[in-house]
Amino acid sequence: MDTISPDRDPFIDPINPETPQRSQEVSTLIVGRTASLTLATDSLVVLDSRNTQAIPFYNILWAELSDFEVIIQYAKPTARNVVRVSSINYAIEKPTHPHAISWVENLLDRAYGESQRKKRIKVLINPFGGKGKAQKWYLGDIEPIFAAARCKLDVERTQCRGHAVEIAEQLDPDVFDVVAACSGDGLPHEIFNGLGKKSDARRALEKVAVVQLPCGTGNAMSLNLNGTDSPSLAALCIVKGIRTPLDLTSITQGNRRTLSFLSQSIGIVAESDLATEHLRWLGSQRFTYGILVRLLRKTVYPCDLAIKVEVGTKSEVIEHYRRALKSQPLPEQHRGSLDSQDSDDRLHATGLPSLRFQTVNDKLPDGWALFPYDKLGNFYSGNMALVAPDTTFFPATLPNDGCMDLVTLDGDISRIAAIRSMLAVESNKFFDMPHVKYQKISGYRIIPRNQKDGYISIDGERMPFEPFQAEVHRGLGTVLSRSGHVYEAPNVAAKGRESA
């Protein structure tokens, strides 16, 4: 949570840097006989003989005047990773009423910044998510925060697999600002694909932000965008979330086209995720267990592979990431893909963007070459850094740089190296290991060989074990994030990491 910087006077308004006395007069509201409310640098400072506290602006949900009473609702920490709605209210004198009106508006400006107030949210609850606890978490942890923030809610429970696709496809993008999935990562995948089926898909994907309220066994979307898998903290993050363009990836397989927002994998990661469904009671640890078992077995997954590389070495990847941190372009500057054809599609805002690299059924794009990869252990392409708590596979990912981050690993590395690889993921040193290949790519084609059946995972969902092709669309989707331009995860810009 935001706190008051110790080297700054909390009573000096940073937005109106006037003299301390004048600044305090403007930013302070005298309430009751012995209390005051002051807009400080990062917090609302409440000075009261009964209740003296500093409430971070980020935690302020709403403020209003009711006759001659000011009422402020906020998210109060009640335990580690838990917030609950609380409120303070004070009477004001009639002469201060005009000042109180402007003071309340100033407080809301500070509390919301560039985030939209009173968001219109379509909530989809997977009643089977989180071992059947999603409904309980929504009612107890999430809905009160949305209500206090004056969000307009429309709640619907999904009935079966694929139901969220149907709901999103019928959604009116002029009625809702946000679609919130009260679930794991499966429902956001369905929502993106439902919006992608609309006749005005590009417009819908740009206007409607897709978010996750973490109520499943896999909550990677919330971990990356909100920095938490706590339902109540995630609800606060969505209330205060900043609209952020998100790269989406088209997957073509057979005659099907699917949108991916999170990751695609074949090999160790796909099998560790999809082949351990019977171990869901382990939570996120089932993923770690599955990877470790397959690494120790030296399992290989032969295939033919073609990749469109954009950034080819680890040192170049680090520099790419650092440049992105410095530039931070406006959201509208991220929109559109990397070619003029896609920009023309966006102008007309109909359907999904055209495929620059065609489909898996077409000949290889110019400049691509198909190479045999006989000892592939892991092919893992991601668009978000964290795949589980404390599991950063893609520390150089950015929400909208027009690239997927690709990790490849040979399947015949020594068992010692395999164990070290697993330990390195949780300590954020996986990227630096010499046997880990890390690139930024804009497309690829992969053709499995010498296996009748196996596992291909797209956003954690199992796909047919057949050849497929992927292509990135820069900033095609929209999400809400804390920063508006980076993920809430360890990254490659760490001090001292120059190359690998």
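**Strands, cysteines and salt bridges in a predicted model**

Setting aside neighbours within four places in sequence, serine 265 touches Ala270, Phe379, Tyr380, Tyr455, Ile456 and Ser457. The model is a predicted one, and this serine is a handy place to start looking around it. Serine 265 sits in strand E14, which covers residues 263-267. Its relative accessibility comes out at just 2%, so serine 265 counts as buried.

Next up is a set of strands earlier in the chain. Strand E3 takes in residues 43-47, and 4 of these 5 residues are buried, so the strand is largely enclosed by the rest of the structure. E3 has a partner in strand E2 (residues 35-39), with the two pairing in the antiparallel sense over 4 bridges. One of the bridge partnerships puts serine 36 opposite leucine 47 of E3. Getting from E2 to E3 takes a hairpin of 3 residues. E3 also pairs with strand E4 (residues 53-56), again through 4 bridges and again antiparallel. Here leucine 44 has isoleucine 55 of E4 as its bridge partner. The hairpin between E3 and E4 has 5 residues in between. As a rule of thumb for reading such strands, side chains in a regular strand alternate between the two faces of the sheet.

On to the cysteines. A search of the whole structure turns up 0 disulfides. Cysteine 182 shows why one candidate pair does not make the cut: the closest cysteine sulfur belongs to cysteine 215 and lies 3.4 Å away, which is too far for a bond, given that a disulfide needs the sulfurs within 2.5 Å. Cysteine 182 is tucked away from the surface, since a relative accessibility of 0% counts as buried. Cysteine 303 is buried too, with a value of 1%.

Charged side chains give a busier picture, with 20 salt bridges in the structure. One of them joins arginine 117 to glutamate 105, with the closest N and O atoms 2.9 Å apart. That pair links distant parts of the chain, 12 residues apart: glutamate 105 is in helix H2 (97-112), while arginine 117 is in the loop between that helix and strand E8 (120-125). Both ends are partly exposed, arginine 117 with a relative accessible area of 24% and glutamate 105 at 38%.

Strand E8 comes up again in another bridge, where the side chains of lysine 122 and aspartate 154 meet at 3.1 Å, N to O. Lysine 122 is in E8 and aspartate 154 is in strand E9 (residues 152-157), so this pair also links distant parts of the chain, at 32 residues apart. The two ends fall into separate classes: lysine 122 is buried, with a relative accessible area of 7%, whereas aspartate 154 is partly exposed at 31%.

Arginine 256 and glutamate 466 make a further salt bridge, their closest N and O atoms being 3.5 Å apart. This one ties together positions 210 residues apart, with arginine 256 in strand E13 (residues 256-260) and glutamate 466 in the loop between strands E23 (461-463) and E24 (468-481). Arginine 256 is partly exposed at 39% relative accessibility, and glutamate 466 is likewise partly exposed, with 33%. Finally, salt bridges can also join up into a group, as with Asp174, Asp200, Arg203 and Lys207, which are linked in a network.

Key: Residues are numbered from 1 along each chain as its sequence is written. This is a predicted model: local features need pLDDT of at least 70, side-chain atom pairs count only at pLDDT 80 or more; totals for chains, interfaces and linings use all residues. Side-chain values use heavy atoms; hydrogens and water are left out. Buried means under 20% relative accessible area, exposed over 50%, partly exposed in between (1.4 Å probe, protein chains only). Contact means heavy atoms within 4.5 Å. Two strands pair if DSSP finds at least two bridges between them. A salt bridge is a side-chain nitrogen of Lys or Arg within 4 Å of a carboxyl oxygen of Asp or Glu.
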